[in-house]
Amino acid sequence: MISAFTGTDVRAAEQPLLDPRSDGGAVLMQRAAHGLAAAIVSELRARGQRFAGSGVTVLAGKGNNGGDGLFAASFLARRGMRTTAVLTAGSAHTEALAAFTAAGGRVLILDSGSNAGSNAGNAEELAVLCAGDDVVIDAVLGTGARGGLRGAAAELVAALQELRPRLVVACDVPSGVDADTGEVHWPVLDAQLTVTFGGIKAGLLADPGEGCAGRVQLVPIGIESLLPAPVLRRFSTADLAALLPSPGRRAHKYSRGVLGVVAGSEKYAGAAVLSVHAAVVSGAGMVRYLGPAAVARQVLARTPEALWEGAGAEGANGSGGAWPGRVQAWLVGPGLDGAGQLENARDALAAALDGGQPAVVDAGALELLPDRCPPHWILTPHAGELSALLGRSEMPVTREDVESRPLHFVRLAAEHTGATVLLKGATTLVASPSGAVFSQSEGCPWMATAGSGDVLAGILGALLAQCAGPGMDDDGAFAALGVAPEDRWAALGAVAVSLHGLAGSAASGVSRARFDAGAGGGPVTALGIADAVSGVWAQIVADRL
Ligand SMILES: NC(=O)C1=CN([C@@H]2O[C@H](COP(=O)(O)OP(=O)(O)OC[C@H]3O[C@@H](n4cnc5c(N)ncnc54)[C@H](O)[C@@H]3O)[C@@H](O)[C@H]2O)[C@@H](O)CC1
Ligand SMILES: Nc1ncnc2c1ncn2[C@@H]1O[C@H](COP(=O)(O)OP(=O)(O)O)[C@@H](O)[C@H]1O
Ligand SMILES: [K+]
């Protein structure tokens, strides 16, 4: 499991080692700088590039982040790289600058123009110079930043971003990304690699910050045992192998877990087809579908394993009234339309509330929530649906607000509703009402296709049905990973997101990491994502022995 911390927590953990009577701070900086230089050397090697003779420019601010960058560049100079430093604030960390010049580095000063009494500074000119180098190290602002880049530094970075430098390596965090939250003060120079020190910063695992950071590499600096509990966690595929349920030897379809689904309508039949199919291929022992006869025919044509429980409230072509069969979990909401299906959705949510069963509450059913939900209900909005949900609670926010502060708003929604909230996106965040948050980002952008969210809802519903029994409270796998009992619904949400992302990436033929590095992949359909689940699942657990 990957753990992430706020920049503030990492700085607090460093404090005991910064006693001015010792040289603790200098030692930490040396470790950070060595790690940064080594990561750059490895990256150049992986790209098949010789580093001796190639050029690196460090954009260095006046704080310790700039210090890390300058020391790293001095190590690279000693290994034969041509090194240039652009001092973005006129001054720099004294010892680091001395080491850099002693190693033969060239120093340039970013000039805002007004300082020199002329109208034009040299930001544009320096941007062209930097873009010609093989590597740019962004060491302007780190965890000590207040707000984003301003003045000439902002001009330089904006111009450089336009010129698309070959390789940008961010020192600790891309300058302008809030290390605690992932919120971004533009402009930011997009990095292909971020080398972060002591602990992964939460802002590197939440959008929009994650989108600027590229691959994230952690360099331990000796403060790790002093860090508090993480504020954000991400499961690896190895964790998934331990967390995915598997049937006991004497399992039968009812013990495996039955999922009740209220989804789809004559207008949006596909949502029912997709969510039921995804639930069946994701291991539910049985899926009971409630909806109009015409939709049920389409559901059964694709997934004959499902059971039609009738049309429900409208009673048009079915048994009507209450659910005839027991379920362990519910999935309510994809593609709802019309009074009958809305009534079915209300009934299903009321039954879940009475029966204490977990539920996935998606799309149209998000409008039917009671004032307070139980934590074992997992709401699955995208940014637009989350802004509507908060709006209904007199917290007016736009979709853009949610997209620029997803970590803040997913936490707020979980706290406000009492439910677990899964906010979908390129990086998906899952917040427990306790405040714990999980972040997963295995999916590739080809998955931004209609119906993809219905498939996620089906996968999650199936996992809820399989795990809803006594296992969730005392389950060894969650406990072994240090997930507190109250956060296990959120953890299970994260497992579903990860499985969905891995299935989508497999269907597309490209992993997220490879896509980010420039590999293409191909278009996927929502059904294609569902069809890839079972193979991906088998592959994940194959190494469990
Ligand atoms: N404390 C330590 O000993 C260690 C710190 N480390 C590095 O130190 C960094 C934190 O260093 P600092 O606390 O010096 O902070 P930063 O280097 O992030 O920047 C703070 C400096 O920039 C100025 N500043 C803040 N916001 C600004 C803005 N929006 N525009 C322009 N200037 C701004 C501040 O006045 C301050 O001088 C970490 O990110 C990490 O890279 C690492 O070397 C590990 C050890
Ligand atoms: N750029 C992206 N990269 C990876 N996954 C994405 C991206 N955009 C969307 N997704 C995923 O695709 C799914 C879309 O869900 P949703 O918005 O509900 O679509 P629909 O309602 O059409 O099913 C979510 O699981 C989301 O996380
Ligand atoms: K930085």
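In this predicted model, Lys 424 sits in the loop that runs between strands β17 (420-423) and β18 (428-431). That loop residue turns up again in the UniProt record, where an unreviewed entry puts the feature "binding site" at Lys 424, Gly 425, Ala 426, Thr 427, Thr 428 and Gly 453. These positions span 30 residues in sequence, yet no two of their C-alpha atoms are more than 13.5 Å apart, so they gather at one spot.

Ligand 2 ties in with this list. Its surroundings amount to 17 residues, and the closest of them are Lys 424, Gly 443, Ala 448, Ser 452 and Gly 453. Lys 424 and Gly 453 are thus names found both among the closest residues to ligand 2 and in the "binding site" feature taken from UniProt. As for where the shell comes from, helix α16 (residues 452-467) provides its largest share, with four residues. In terms of chemistry, the shell around ligand 2 splits into seven nonpolar, eight polar and two charged residues.

Helix α16 also has a helical partner. It packs with helix α19 (residues 488-508) at an angle of about 135°, and the two axes are 9 Å apart. That angle makes α16 oblique to α19, and the crossing of the pair is right-handed. On the α16 side, the contact involves Val 455, Leu 456, Ile 459, Leu 460, Leu 463, Leu 464 and Cys 467. Facing them in α19 are Leu 492, Gly 493, Val 495, Ala 496, Val 497, Leu 499 and His 500. Sorted by class, the contact of α16 with α19 has twelve nonpolar residues, two polar ones and no charged ones.

Ligand 1 has its own shell, made up of 26 residues, of which Gly 63, Asn 64, Asn 65, Gly 142 and Gly 144 come nearest. Two elements, α2 (24-46) and α3 (64-78), each give two or more residues to this shell. The mix around ligand 1 is nine nonpolar, eleven polar and six charged residues.

A further helix pair is formed by α10 (residues 269-281) and α11 (residues 293-302). Their axes come within 9 Å and cross at roughly 35°, again with a right-handed crossing. From α10, the residues taking part are Ala 269, Ala 272, Val 273, Val 276 and His 277; these meet Val 295, Gln 298, Val 299 and Arg 302 of α11. The contact of α10 with α11 counts six nonpolar, two polar and one charged residues.

Some backbone details are worth a look before using the coordinates. Most residues other than glycine have a negative phi, and most peptide bonds are trans. Against that background, the bond from Trp 186 to Pro 187 is cis, with omega near 0°, and Pro 187 belongs to the loop between β6 (168-171) and β7 (193-197). The loop between β6 and β7 also holds Asp 172, a residue other than glycine whose phi is positive, near 75°. Another cis peptide bond links Asp 207 to Pro 208, this one with omega near -5°. Pro 208 falls in the loop between β8 (200-201) and α7 (209-213).

Note on methods: Residues are numbered from 1 along each chain as its sequence is written. Chains are lettered from A and ligands numbered from 1 in the order in which they are written. This is a predicted model: local features need pLDDT of at least 70, side-chain atom pairs count only at pLDDT 80 or more; totals for chains, interfaces and linings use all residues. A residue is near a molecule or strand if its C-beta atom, placed from the backbone, lies within 6 Å of it. Ala, Val, Leu, Ile, Met, Phe, Trp, Tyr, Cys and Pro count as nonpolar, Asp, Glu, Lys and Arg as charged, and the others, Gly among them, as polar. Axes are lines fitted to C-alpha atoms, for helices over the stretch in contact, and angles run from 0 to 180 degrees between N-to-C directions. A crossing is left-handed if the near helix is turned anticlockwise from the far one by less than a right angle, and right-handed if clockwise. Two residues are in contact if their C-beta atoms, placed from the backbone, lie within 7 Å. Angles under 35 degrees count as roughly parallel, over 145 as roughly antiparallel, 65 to 115 as roughly perpendicular and the rest as oblique. UniProt positions are given in the numbering used here, feature names are shortened, and annotations may be inferred rather than shown by experiment.
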